[in-house]
Amino acid sequence: MTIEEIQARKECQTFDCKSIQIDPKALAIPIVAMANADGGVLAIGVSDKTRRIEGVFVTRRNYSKYAIQEMVVNSCCHRAYNIKGTEIQIKMFDDRLVFETPGDLPGLVRPDNIRHTHFSRNPKIAQYLKAYKYVKEFGEGIDRICSELEIKGCAIPSFHVDAFILKATLMAEWTSEKEFDRSSSVQVPSNYRPSSVQVEKLVQLMHDEYLNVSKMMELCGIKHRMTFRDNYINPALSDGSLERKYPDQPNHPKQMYRLTEQAKVWKLNNID
């Protein structure tokens with residue numbers, strides 16, 4: 001019998017509800033009555049007046065499962081293993097999680113460019129994590145977290161170095177009680193949709209991973225590069241369907257593109 005069935009069922013000779021506040025001695029009366037009849041069900045913890053469920057803890061996730069996983073993966077991948085005497089620590093507060101990782105930010109990475117500047121302190125560990133599907137694309141995790149949180153109107157993670165410890169802070173998502181991750185439902189801005197038939201085709205054919213222009217042209221069956229840029233890439237960038245891998249360097253020689261979060265959700269809701 002489910003909780004919903006218990007709440008909907010009427011009390012009778014073989015069914016009774018009792019509050020969790022009831023004196024244990026008072027339970028003897030309905031138990032003996034049922035035992036002397038045909039048996040029955042006694043639901044303890046359901047108010048007999050309001051049918052409200054009592055004494056049940058409800059877990060509400062205030063942090064993205066994917067964001068937590070990505071933070072842990074980053075800590076394992078980028079910590080300075082030559083620093084002894086301390087380990088990776090995750091500290092939980094009322095309104096935030098703090099991930100403390102031994103070591104400064106690696107390479108040229110700084111708190112203000114961490115979304116788009118990538119450097120692996122431990123490349124072998126990074127390759128291992130990617131091989132076992134903990135990492136999908138090198139260097140895209142923090143940007144992905146930030147993008148998803150921004151769509152939800154939540155604060156993005158903050159990073160700062162305290163002595164030799166990198167501290168990454170993930171704020172609780174009080175705007176929603178539902179967890180979200182790579183496969184969850186994100187609300188698409190009501191004014192978003194692909195701006196042309198060509199862009200819609202591009203959205204339909206692309207997936208999560210970054211692709212270069214040649215591969216995108218191959219997917220769409222287009223051979224003329226300039227035509228593809230004018231009719232597909234540029235409109236898709238303008239309407240928010242595509243994002244660059246190197247947004248601060250549009251002409252980067254290894255520039256690649258992928259669908260934005262809103263384009264992926266629109267695709268999920270509109271294309272079979």
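**View 1. Phe 228 and Tyr 232, a buried aromatic pair in helix H8 of the predicted model.** Phe 228 counts as buried, because its relative accessibility is 0%. Tyr 232 is also assigned to the buried class, at 6% relative accessibility. A pair of aromatic rings is described by the distance of the centres and the angle of the planes. For Phe 228 and Tyr 232 these values are 4.9 Å and 20°, and the pair is stacked. Both residues belong to helix H8, which covers residues 225-238. They are four residues apart in H8, so about one helical turn separates them.

**View 2. Tyr 128 and Tyr 132, a tilted aromatic pair.** Two aromatic pairs are found when the whole structure is searched. In the pair formed by Tyr 128 and Tyr 132, the ring centres are 4.7 Å apart and the planes make an angle of 35°. The geometry is classed as tilted because the angle between the planes is not under 30 degrees, the limit for stacked, nor over 60, the limit for edge-to-face. Tyr 128 is partly exposed, with a relative accessibility of 49%. Tyr 132 has 53% and counts as exposed; the cut-off for exposed is over 50%.

**View 3. Arginine side chains over tyrosine rings.** Arg 79 is placed over the face of Tyr 81, with a distance of 4.7 Å to the ring centre. Arg 144 lies over the face of Tyr 66, and here the distance to the ring centre is 5.8 Å.

**View 4. The open sheet S3-S4-S6-S5 and helix H3.** The sheet has four strands, and their pairing is antiparallel. Strand S3 (89-92) and strand S5 (158-162) are the edge strands. Each has a single partner strand, so one side of each has no neighbour in the sheet. From one strand to the next, the twist averages 20°. Helix H3, residues 65-78, lies across S3, S4, S5 and S6. H3 runs at about 15° to strand S4 (96-102).

**View 5. Strands S5 and S6 with the loop between them.** S5 pairs with strand S6 (residues 165-171) in the antiparallel sense, over five bridges. His 160 stands opposite Lys 167, a residue of S6. The loop between S5 and S6 contains Ala 163. Phi of Ala 163 is near 60°, which is a positive value in a residue other than glycine. Ala 163 counts as exposed, because its relative accessible area is 67%.

**View 6. Lys 18 in strand S1 and its contacts.** Strand S1 spans residues 15-18 and includes Lys 18. The relative accessible area of Lys 18 is 19%, so this lysine is classed as buried; the cut-off for buried is under 20%. Beyond its neighbours within four places in sequence, Lys 18 is in contact with Leu 27, Pro 30, Leu 42, Ala 43, Ile 44, Gly 45, Val 46 and Asp 48.

**View 7. The protein chain as the setting for the close-ups.** The protein chain has nine helices and eight strands. Of its 272 residues, 39% are buried. Among contacts with a separation of 6 or more, 61% are between residues 24 or more positions apart. The accessible surface of the chain is about 16,700 Å², and carbon and sulfur atoms account for 52% of this area.

Key:
Residues numbered from 1 in each chain as written. Predicted model: local features only at pLDDT ≥ 70, side-chain atom pairs only at ≥ 80, totals over all residues. Heavy atoms only, no water. Phe/Tyr/Trp six-rings, centres within 6.5 Å; stacked < 30°, edge-to-face > 60°. Buried < 20%, exposed > 50% of the residue type's maximum accessible area, 1.4 Å probe, protein only. Helix = DSSP H or I, 4+ residues; strand = E, 2+ residues; numbered from the N terminus. Lys NZ or Arg CZ within 6 Å of the ring centre and 35° of its normal. Pairing = 2+ DSSP bridges. Axes fitted to C-alpha atoms, helices over the stretch in contact; angles between N-to-C directions. Contact = heavy atoms within 4.5 Å. Areas by Shrake-Rupley, 256 points an atom, 1.4 Å probe, with all protein chains shown as cover.
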